[in-house]
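Trainee: Could you take me through one part of this model up close? I'd like to look at the nonpolar core and how the rest of the chain sits around it.

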Amino acid sequence: NAALKRQLASADLVVSVGGDGTLLRASQYVRGGMVVGVNSAPGDSVGRFCTANRENFVERLDAILALKWRPVVLARLRVTLDGKTLPELALNDVLVAHYSPAATTRYLIEVGDQVEEHRSSGVWISTAAGSTAGIGSAGGRRMPLRSRHIQFLARELYREPDREYKLTRGLAPPDSCVTIASKMPDVRLYVDEARAQYPFPFGARARIEIAQESLKLFL
């Protein structure tokens with residue numbers, strides 16, 4: 001709810017208890033504070049971002065308070081959808097895809113001075129922290145954790161004969177952006193996960209760039 005989001009935005013330290021999904025949801029609204037993830041089910045959860053657990057939490061918290069454990073500063077993505085900045089910041093990625101996984105997604109992708117029209121299963125836009133998540137499983141490149149580049153990758157692109165494609169995958173510099181424009185109805189824009197999703201109908205435009213507010217995460 002709105003009150004909880006305001007508390008997350010103003011907090012100095014956020015403790016997330018759960019798995020990576022829980023941490024991602026909480027981190028979307030954290031602005032200046034630090035985050036530590038506690039993996040509540042190490043046997044079932046990957047917990048890449050959750051380096052504490054019930055056995056070591058007290059020790060880890062003491063180290064934080066004593067300034068002996070420093071957080072890693074990670075880049076996040078900010079999305080501007082049709083001129084409106086979305087409230088969520090993405091630690092992992094943004095996905096633009098048709099709401100039905102069996103349907104083709106048509107869109108324009110713009111990076112720098114290049115623009116292409118694609119028909120694919122959707123397009124990933126990722127941070128360095130998210131480069132081992134969905135985009136990595138789709139064939140993307142693992143990036144240095146502290147990189148501030150933006151990675152993009154078209155999923156299962158339909159290649160039209162006699163046409164050259166230059167924006168199927170790549171890295172955009174930290175001071176640039178990736179712009180996606182929808183060419184069909186029933187498309188969705190997902191920020192880090194399925195719960196934070198927005199309609200992305202024909203003509204909608206999303207500008208995705210590195211956010212000014214990085215995330216300070218204990219890893």
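**A look at the core**

Mentor: Sure, and keep in mind that this is a predicted model. Let's start with how the chain is put together: among contacts between residues at least 6 apart in sequence, 63% join residues at least 24 apart. The secondary structure comes to 4 helices and 16 strands. With a radius of gyration of 18 Å, close to the 17 Å that the globule rule gives for 219 residues, the chain is as compact as a globular protein of that length. Laid along the principal axes, the C-alpha atoms fill a box of roughly 60 × 35 × 35 Å.

Now go inside. Of the 219 residues, 49% count as buried, and the largest nonpolar core takes in 33 residues. Look for Ile109, Ile125, Val178, Ile180, Leu189 and Phe200, which have the most contacts inside that core. Leu189 is a good one to zoom in on: leaving aside residues up to four places away in sequence, Leu189 touches Val79, Leu86, Val94, Leu95, Val96, Ala196, Gln197, Tyr198, Phe200 and Ala206. Phe200 thus turns up again, as one of the residues Leu189 touches. There's also a second, separate core of 16 residues, with Ala11, Tyr29, Val72 and Leu74 among them.

Then step back out to the surface. The accessible surface comes to about 11000 Å², and carbon and sulfur atoms account for 50% of that. As for charge, the chain has 29 positive and 23 negative charges, and their mean positions are 3 Å apart.

Terms used
Residues are numbered from 1 along each chain as its sequence is written. This is a predicted model: local features need pLDDT of at least 70, side-chain atom pairs count only at pLDDT 80 or more; totals for chains, interfaces and linings use all residues. Side-chain values use heavy atoms; hydrogens and water are left out. Helices (H or I, at least four residues) and strands (E, at least two) are DSSP runs, numbered from the N terminus. The radius of gyration is taken over C-alpha atoms; the globule rule is 2.2 Å times the number of residues to the power 0.38. Buried means under 20% relative accessible area, exposed over 50%, partly exposed in between (1.4 Å probe, protein chains only). Contact means heavy atoms within 4.5 Å. Accessible areas come from the Shrake-Rupley method with a 1.4 Å probe; for residues, only the protein chains shown count as cover. Lys and Arg count as positive and Asp and Glu as negative; His and the chain ends are not counted. The place of a charge is taken as NZ of Lys, CZ of Arg, CG of Asp or CD of Glu. A nonpolar core is a set of buried Ala, Val, Leu, Ile, Met, Phe, Trp, Tyr and Cys residues joined through side-chain atoms within 4.5 Å.
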